[in-house]
Amino acid sequence: MSEATLRAVVRGIFATDLVHESLTFVWHAGEPMAVPISWYRVAFQVILEEAPPGLKIVHSFQSNGTLLNDDWCGFIRETGICLGLSIDGPEAIHDAHRKTRQGQGTHAKAMRGVELLRKHKIDFHVIAVITEGALDHADEIFDFFVGNGIVRFGFNIEEQ
């Protein structure tokens, strides 16, 4: 999205009577970290420039965590991004549906992202998609999260 398009969209949002004390921009759908940090720096600045005075702006990312690195962690800490990771539980359950374009499971990379976040002392939560196949593994999924020190998690039930 160009800066001009983003500016037009943001102006449209702020022109409504729906925005009051705070507004959260949720960056998701696909993988938000596939876009360079430099784009977000511009986008966040555009939003600040267009926001009404006194409005609290929050940015939230929902990511698979596979592209996390030290640069992203620095940006997340610097900007106060609220971060959610998409992890569906233990490796076999997660990798059954979350694969790279080459067909490889993403669990190991997502857990590497968890470790990077911990190294940088960045708080996060997890959203897990519960598929029909995962329903028989509720205890295993719960134990995975608690056993990995992930205590802020939510579940989305897959719709078919």
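Start with the second largest pocket of this predicted model, which holds about 190 Å³ of space. To display its lining, select Met1, Leu6, Val9, Val10, Ile13, Phe25, Val26, Trp27, Val35, Trp39 and Tyr40. Colour the selection by element next: α1 (3-14), β1 and α2 are the elements that give two or more residues to this lining. The largest share, four residues, comes from α1. Then colour by residue class. The lining of the second largest pocket has eleven nonpolar residues, no polar ones and no charged ones.

Keep Trp27 from that lining on screen and add His59. The side chains of His59 and Trp27 are joined by a polar contact of 3.1 Å. His59 sits in strand β2, which covers residues 56-63. Is His59 buried or exposed? It counts as buried, because its relative accessibility is 8% and the cut-off for buried is under 20%.

Now move to the largest pocket, with a volume of about 290 Å³. Select Glu31, Ala34, Asn64, Thr66, Leu67, Lys99, Thr100, Arg101, Gln102, Thr106 and Lys109 to show what lines it. How many residues of each class are in this lining? There are two nonpolar, five polar and four charged residues. Ala34 and Leu67 are among the residues to pick out here, and under the class scheme Ala and Leu count as nonpolar. Glu31, Lys99, Arg101 and Lys109 also belong to the lining; Glu, Lys and Arg count as charged.

Next, go to the loop between β1 (22-27) and α2 (37-50), where Ala29 is found. Check its backbone: phi of Ala29 is near 70°, a positive value in a residue other than glycine. Show the surface as well. Ala29 counts as exposed, because its relative accessibility is 63% and exposed means over 50%.

A second stop of this kind is Lys121. Look for Lys121 in the loop between α5 (107-119) and β4 (125-130). Lys121 has a positive phi of about 55°, although it is not a glycine. With the surface on, Lys121 also counts as exposed, since its relative accessibility is 69%.

Select the cysteines next. How many disulfides does the structure hold? The structure holds zero. Cys73 is in no disulfide, and the nearest cysteine sulfur to it, that of Cys82, is 15 Å away. Cys82 is likewise in no disulfide; its nearest cysteine sulfur is that of Cys73, 15 Å away. A disulfide needs sulfur atoms within 2.5 Å, so at 15 Å Cys73 and Cys82 do not form one. Turn on the surface for both residues. Cys73 is buried, with a relative accessible area of 0%, whereas Cys82 is partly exposed, with a relative accessible area of 38%.

Finish by colouring the chain by pLDDT. The mean for the protein is 94, and 100% of its residues reach 70 or more. Where is confidence lowest, and where is it highest? Select strand β5 (residues 153-157) for the lowest, at a mean of 91. Then select helix α3 (residues 70-79) for the highest, at 98.

Methods
Residues are numbered from 1 along each chain as its sequence is written. This is a predicted model: local features need pLDDT of at least 70, side-chain atom pairs count only at pLDDT 80 or more; totals for chains, interfaces and linings use all residues. Side-chain values use heavy atoms; hydrogens and water are left out. pLDDT is the predictor's confidence in each residue, from 0 to 100. Buried means under 20% relative accessible area, exposed over 50%, partly exposed in between (1.4 Å probe, protein chains only). On a 1 Å grid over the protein atoms alone, a cavity is a set of points where a 1.4 Å probe fits but cannot get out, and a pocket is an open set with protein on both sides within 12 Å along at least five of seven lines; lining residues have an atom within 4 Å of a point. Grid points are joined across faces, edges and corners, and a volume is the space filled by probe spheres set on the points. A polar contact is a pair of N or O atoms within 3.5 Å; within protein, one must be able to donate a hydrogen and the other to accept it, and residues adjacent in sequence count only if both atoms are side-chain atoms.
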